[in-house]
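Biologist: I have a structure open and want to learn how to read its features. Can you take me through a few?

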Amino acid sequence: MKFLFDLFPIVLFFGVFRWGEGNLDKAHALVQQYLGGMIAGGTASPAQSPIILATVVGIIATVLQIGYLLVARKKVHGMLWVSAAVIVVMGGATIYLHDENFIKWKPTILYWAFAAILLFYLAVMKKNLMKSVMGEAMKLPEPVWRQVAWAWIGFLTALGALNLLMAFVIFKGNTSAWVNFKVFGATGIFFLFIVVMGVMLSKHMEEEEA
């Protein structure tokens with residue numbers, strides 16, 4: 001259930017974008033009617049309408065996530081606050097300037113922000129955030145926890161760079177292809193990394209239990 005909850009904004013973003021692509025006239029009419037006051041110049045082209053609508057829905061979905069957790073008196077993790085801040089700023093720029101390049105930067109900024117936070121705590125604060133998050137679920141030797149932190153730092157940094165490569169080089173000018181990569185490619189890579197990490201860490205957990 002938590003998995004679906006976390007993917008809620010991404011699923012809505014993708015669904016609205018795909019609908020907008022298949023219904024350009026309707027998407028453009030919605031943007032002109034309801035979002036004109038949020039756009040520089042008061043208008044956007046039909047081709048820009050799907051990404052604008054999807055970005056608006058993504059922002060609203062993220063805000064609703066946080067609102068639900070606050071109303072339910074559940075903890076809002078720092079990662080969600082950071083994610084919300086990034087999508088509001090970069091998404092807001094995308095809508096106002098009707099320029100999809102800003103929302104294309106959003107995943108990279110998010111990945112690099114998380115990597116920077118992990119690095120800051122590890123190098124400056126002498127605290128391993130990965131151990132703080134996962135420590136109750138598994139017991140690992142201290143050197144392994146440090147390797148886990150560095151693995152996540154490296155992975156998030158590389159994934160952020162890969163997003164830029166896809167957005168501005170390989171799929172330059174093809175927002176539809178980039179959206180597919182963001183939703184399916186990046187998400188698939190992310191969970192593949194988690195699976196590989198789980199397999200590698202299981203060996204150390206067995207050694208620790210022994």
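Modeller: We will go through a pocket, a surface patch, two backbone angles and one helix residue. Keep in mind that this is a predicted model.

Biologist: Start with pockets. What does rolling a probe over the atoms show?

Modeller: A probe the size of a water molecule, rolled over the atoms, shows where empty space is left. Take the second largest pocket here. The space in it comes to about 160 Å³.

Biologist: Which elements give two or more residues to the lining of that second largest pocket?

Modeller: Helices α1 (2-22), α3 (49-71) and α8 (175-209) do. The lining includes F17, E21, P50, I51, T175 and S176. E100 and G173 are also among the lining residues.

Biologist: How do the lining residues of the second largest pocket divide into nonpolar, polar and charged?

Modeller: Five are nonpolar, five are polar and two are charged.

Biologist: Now the surface. Which residues make the nonpolar patch?

Modeller: F8, L12, I60 and L64 make a nonpolar surface patch of about 340 Å². Helices α1 and α3 each supply at least two of the patch residues.

Biologist: Take L64. Where is it found, and why does L64 count as exposed or buried?

Modeller: L64 is found in helix α3. L64 counts as exposed because its relative accessibility is 52%, and the cut-off for exposed is over 50%.

Biologist: Next, the backbone. What sign does phi have in most residues other than glycine?

Modeller: Most of them have a negative phi. So a positive value is worth a look. R73 has one: its phi is near 60 degrees, and the residue is not glycine. H98 is another non-glycine residue with a positive phi, near 35 degrees.

Biologist: Where do R73 and H98 lie?

Modeller: R73 sits in the loop between α3 and α4 (78-96). H98 lies in the loop between α4 and α5 (101-123).

Biologist: Are R73 and H98 buried, partly exposed or exposed?

Modeller: R73 has a relative accessible area of 79%, so R73 is exposed. H98 is at 22%, so H98 counts as partly exposed. Buried would need under 20%.

Biologist: Last one. Which helix holds A161, and how far apart are A161 and Y111 in sequence and in space?

Modeller: A161 belongs to helix α7 (residues 142-170). A161 and Y111 are 50 residues apart in sequence. In space, their C-alpha atoms are 9.2 Å apart. A161 is partly exposed, because its relative accessible area is 38%.

Note on methods
Residues are numbered from 1 along each chain as its sequence is written. This is a predicted model: local features need pLDDT of at least 70, side-chain atom pairs count only at pLDDT 80 or more; totals for chains, interfaces and linings use all residues. Side-chain values use heavy atoms; hydrogens and water are left out. On a 1 Å grid over the protein atoms alone, a cavity is a set of points where a 1.4 Å probe fits but cannot get out, and a pocket is an open set with protein on both sides within 12 Å along at least five of seven lines; lining residues have an atom within 4 Å of a point. Grid points are joined across faces, edges and corners, and a volume is the space filled by probe spheres set on the points. Helices (H or I, at least four residues) and strands (E, at least two) are DSSP runs, numbered from the N terminus. Ala, Val, Leu, Ile, Met, Phe, Trp, Tyr, Cys and Pro count as nonpolar, Asp, Glu, Lys and Arg as charged, and the others, Gly among them, as polar. Buried means under 20% relative accessible area, exposed over 50%, partly exposed in between (1.4 Å probe, protein chains only). Patches are made of residues with over 30% relative accessible area and no salt bridge: like charges are joined within 9 Å, nonpolar side chains (Val, Leu, Ile, Met, Phe, Trp, Tyr) within 5 Å. Accessible areas come from the Shrake-Rupley method with a 1.4 Å probe; for residues, only the protein chains shown count as cover. A salt bridge is a side-chain nitrogen of Lys or Arg within 4 Å of a carboxyl oxygen of Asp or Glu.
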